[in-house]
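Q: Please take a close look at one buried or exposed position in this model and place it in the fold around it. A single connected account is enough.

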Amino acid sequence: MRFYRPTGLISALTFDLDDTLYDNRQVILRTEHESLRFVQQYHPSLNGLENSDLQRIRQSLREAEPDIYHDVTEWRRRAVERAMLDVGLARLEATAGAEAAMLHFASWRSRVDVPQETHDTLTKLASKWPLVAITNGNAQPELFGLDSYFEFVLRAGPDGRAKPFNDMYHLAAERLGIPMGEILHVGDDLTTDVAGAIRCGMQACWIKPEGADLLTVADSRLLPHLEISRLASLTTLI
């Protein structure tokens, strides 16, 4: 554990999910593969669809509706629906197909292998502080055994703009009834988690990816209060 700023009173902890509490890389690769295969098999006209086609549609949607990226689930659903409309499916069929694709996506997206160290650490931390999850993604902790540790989960889109915007940080403090400065946010991203939390008055802990160095990484914006390389290090704060 390395300290860069003096820490103050900690009355609650908030956590990013993906790549903070578990490794999300292989989950995403597998989910993207299985999701594309589902859409390709949904209708013969979609057999030739590729991920590059969906990325092109996603980019087009964002250019037309810049704020759509705050809700990654709706953004993905709309892209699948657009792909189905583009090959000639009727609106009702495309809407139903996109909904089915998103259910399939959610199933694979939440097949997460959570390390025992994460369970052990969250158990200890939750015995001292209320814990909250704040995510820009669409993982569903209740589907892979993490929901019981959290007072609540906030997701970009339904609960406000994506980090580093302060919507979800402020909402967490409001719902907890705890001053912003007494909340320690823990995350792996120096922009969305560290800079976002600090700019709205929280304390921030960076859980650094393997091989990363705060002084050389390209997205370093603001110094975190502390840096850890293993989640379990947080238990020394108890």
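A: In this predicted model, histidine 119 has a relative accessibility of 17%, so it counts as buried, the cut-off being under 20%. Histidine 119 is found in helix 5, a segment that spans residues 116–126. Neighbours within four places in sequence aside, the contacts of histidine 119 are Val114, Gly145, Leu146 and Tyr149.

Leu146, a contact of histidine 119, leads into the largest nonpolar core. That core has 27 residues, and those touching the most other members are Leu13, Phe15, Leu21, Leu131, Leu146, Phe150 and Leu234. Helix 5 supplies at least two residues of this core, as does each of strand 2 (12–15), strand 3 (131–135), strand 5 (183–187), strand 6 (203–207) and strand 7 (226–228). Leucine 21 gives a view of the packing in this region: with neighbours within four places in sequence left aside, leucine 21 is in contact with Phe15, Asp16, Val114, Pro115, Thr118, Leu122, Leu146, Phe150 and Leu231. Val114 and Leu146 are thus listed for leucine 21 and also for histidine 119. Another core, of 25 residues, lies apart from the largest one and includes Ile134, Val194, Ala197 and Ile198.

Asparagine 166 offers a second position to set beside histidine 119. Asparagine 166 lies in the loop between strand 4 (152–155) and helix 6 (167–176). Its relative accessible area is 32%, so asparagine 166 is partly exposed. Beyond neighbours within four places in sequence, asparagine 166 is in contact with Arg161 and Cys200. The C-alpha atoms of asparagine 166 and leucine 223 are separated by 18 Å, with the two positions 57 residues apart along the chain counted as their spacing.

As for the whole protein, the secondary structure comes to seven helices and seven strands, in the order β-β-α-α-α-α-α-β-β-α-β-α-β-β along the sequence. The radius of gyration is 19 Å, close to the 18 Å given by the globule rule for 238 residues, so the protein is as compact as a globular protein of that length. Along the principal axes, the C-alpha atoms fill a box of roughly 60 × 35 × 35 Å. Buried residues, histidine 119 being one of them, make up 48% of the 238 residues. Among contacts between residues at least 6 apart in sequence, 62% join residues at least 24 apart. The protein exposes about 11,400 Å², of which carbon and sulfur atoms supply 49%. The mean positions of its 25 positive and 34 negative charges are 2 Å apart.

How values were computed. Residues numbered from 1 in each chain as written. Predicted model: local features only at pLDDT ≥ 70, side-chain atom pairs only at ≥ 80, totals over all residues. Heavy atoms only, no water. Helix = DSSP H or I, 4+ residues; strand = E, 2+ residues; numbered from the N terminus. Rg over C-alpha atoms; globule rule 2.2 N^0.38 Å. Buried < 20%, exposed > 50% of the residue type's maximum accessible area, 1.4 Å probe, protein only. Contact = heavy atoms within 4.5 Å. Areas by Shrake-Rupley, 256 points an atom, 1.4 Å probe, with all protein chains shown as cover. Lys, Arg positive; Asp, Glu negative; His and termini not counted. Charge placed at Lys NZ, Arg CZ, Asp CG, Glu CD. Core = buried A, V, L, I, M, F, W, Y, C linked by side-chain atoms within 4.5 Å.
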